[in-house]
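Thank you all for coming; I would like to take a few minutes to walk through one model, going from its sheets to its helices. Please have the sequence and the structure open while I speak.

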Amino acid sequence: MSTHPTTNSNKREASEMISAASSSVGKRSAISSRQRGTIHTLLSRPSPFENESGTLPIGEFPPNDESPSSANGSSSSSFGESEALKSLRGSKILVVGAGGLGCEILKDLGMLGGVVSEVVVIDLDTIDVTNLNRQFLFRQKDVGHSKADVAAKFINERCPWMKVVPYHGKIQDKCADFYRQFKVVISGLDNVEARRWLNGMINNLVEFDSDGDPIPETIIPLIDGGTEGFSGQSRLILPRITSCFECSLDSFAPTAAVPLCTIAETPRIPEHCIAYAYVLQFPKEFPDRKLDADSPNDMKWVYERALERAEKFGIGGVTYMLTLGVVKNIIPAVASTNAIVSAVCVNEAIKVLSFCSQSLNTYMMYMGSAGIYSHTFVYDQKETCPVCTTHTHRLSLQGSTTLNALLQKLCDGELRLKSPSVTSSTKTLYMRKPVALEKATRQNLDKPLKELFSSGEELTITDPVFHDTSLSVIVTFE
């Protein structure tokens, strides 16, 4: 069977073009064939989407300088790394949380192939058997062990080019100097209060010059990721420049408390039966110890008691998995959502460290239940934010209002404080800690405000939900 001469001619021309292109690339680039197609390629070429051209410019992207080639076409050994690549290699990254998002984030950082050299991961939790269906760095033998320790060990063995240092404990136990050592913080927390605290800490690390402008070297970008079922979000927070996590607190509905009388007398849903078992029954049955949510025996006991109560009231739907979810406040998780959101978080981390592309400004929402759909938008800074602004809050109250009622208003209002302490310009009105000071100021709780300070006086409020952040509140008597 003969071949059409035009076809042969086209093949020869294509072959010559490919050969010439390959030779040209070999002369232009010092990137090895193993590195080609990786982030090394991205950092070696000018970007059509430079960071400085985006809506949230942070820095200027300098690609690798092209080095001269030797006579035989091989690249010169003097080819150096770009400032972008050097910045990445020299940057220490903190990953907060080693759960569903944290496992994916660590995996994504490791798969960069040595571009990131050192990562620290911190997590308080231990591994539960329910984690194994999506937190893929853990195995059956790891149940009961520290998530941070096991995740770090797995990544260190699988990706030896990246060192992962684990810390098992609360983020609140670490001082400001611990957080100052990082170039970027990626948060995979599933707890709003912990995210508020971390946001406050990172914002408080920012220092200002004599003109009141933030000093760039003290700004540590915080990338916050979160998922719930098929929905997820990722946001880039530049402390004191963009909106912070506290600015968007209104988008998180407060946890609705179920009245104790409903749980005890008229349960209507499976969750009420489970709450009855672990809130009321367990302390009566075991008065000398607390419920251990990580103990299979304790959780089996709660499940069985909840099932008995559900059958008594004709309520269906009590399962062991639901019991775990209620007691441990487990948010529904989908592995694919974790994978997508973590990839966005790591992508933003690389961009903010190398300036190789335009940074997210400032919020990305993924809606998996509506299809492969996501959208981005700018989350504006809240003018009254107690963390990233210096706003003075004003309240108008009756002079007969008690100090305890004022503190409760601060907890129930837009500030959503947890355990506030308050001082006036002349004295301490109420202080939660230390115990001796709390005891000495407790008598003020039932006193009317007009007996404690003057109308229009500025009060200073502190709360453990913020790290070393004090709020200014002016109370005017009606």
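Let me begin with a question: in the hairpin of β5 and β6, which residue takes a positive phi? It is Gly-229, with a phi near 65°, in a hairpin that has two residues between the strands.

Before going on, a word on provenance: this is a predicted model, in which local features need pLDDT of at least 70 and side-chain atom pairs count only at pLDDT 80 or more, while totals for chains, interfaces and linings use all residues. Residues are numbered from 1 along each chain as its sequence is written, and side-chain values use heavy atoms, with hydrogens and water left out. When I say helix or strand, I mean DSSP runs numbered from the N terminus, with helices being H or I of at least four residues and strands being E of at least two.

Now to the sheet that holds this hairpin. It is an open sheet of eight strands with mixed pairing, in the order β3-β2-β1-β4-β5-β6-β7-β8, where two strands pair if DSSP finds at least two bridges between them. The edge strands, each pairing on one side only, are β3 (163–168) and β8 (374–377), and the twist averages 15° from one strand to the next.

Within that order, β5 (residues 222–228) and β6 (residues 231–237) pair in the antiparallel sense over seven bridges, with Leu-236 of β6 as the bridge partner of Ile-223. On its other pairing, β6 joins β7 (residues 363–367), again in the antiparallel sense, over five bridges, and there Gln-233 stands opposite Met-365 in β7. Six of the seven residues of β6 are buried, where buried means under 20% relative accessible area, exposed means over 50% and partly exposed lies in between, using a 1.4 Å probe and protein chains only.

Turning to β1 (residues 92–96), we find parallel pairing: four bridges join this strand to β4 (residues 184–187), and Val-96 has Ser-187 as its bridge partner in β4. β1 also pairs with β2 in the parallel sense, over five bridges, with Val-119 of β2 as the bridge partner of Ile-93. Four of the five residues of β1 are buried.

Which strands does α4 lie across? Helix α4 (residues 100–110) lies across β1, β2 (118–123), β3, β4 and β5, running at about 160° to β1; axes here are lines fitted to C-alpha atoms, for helices over the stretch in contact, and angles run from 0 to 180 degrees between N-to-C directions. Because 10 of its 11 residues are buried, α4 is largely enclosed by the rest of the structure; among the buried ones are Glu-104 and Asp-108. Helix α12 (residues 335–354) lies across β1, β4, β5, β6 and β7, running at about 170° to β5.

Next, helix against helix. The axes of α9 (residues 270–285) and α10 (residues 296–312) come within 8 Å and cross at roughly 120°, and the two helices are therefore oblique to each other, given that angles under 35 degrees count as roughly parallel, over 145 as roughly antiparallel, 65 to 115 as roughly perpendicular and the rest as oblique. Their contact, meaning heavy atoms within 4.5 Å, involves residues including Tyr-276 and Phe-282 of α9 and Trp-301 and Arg-305 of α10.

The axes of α10 and α11 (residues 320–327) come within 10 Å and cross at roughly 105°, which makes α10 roughly perpendicular to α11. Among the residues making that contact are Met-299 and Tyr-303 of α10 and Tyr-320 and Leu-324 of α11.

Finally, the other sheet. It is open, has five strands in the order β9-β13-β12-β10-β11, and has mixed pairing; its edge strands are β9 (392–397) and β11 (428–430), and its twist averages 30° from one strand to the next. Two bridges join β10 (residues 421–423) to β11 in an antiparallel arrangement, with Val-422 opposite Tyr-430. Helix α13 (residues 403–412) lies across β9, β10, β11, β12 and β13 (470–477), at about 130° to β9.

I will close on Thr-462, in strand β12 (residues 457–462): is this residue buried or partly exposed? Thr-462 is partly exposed, with a relative accessible area of 33%, and its C-alpha atom is separated by 5.6 Å from that of Pro-420, 42 residues apart along the chain.
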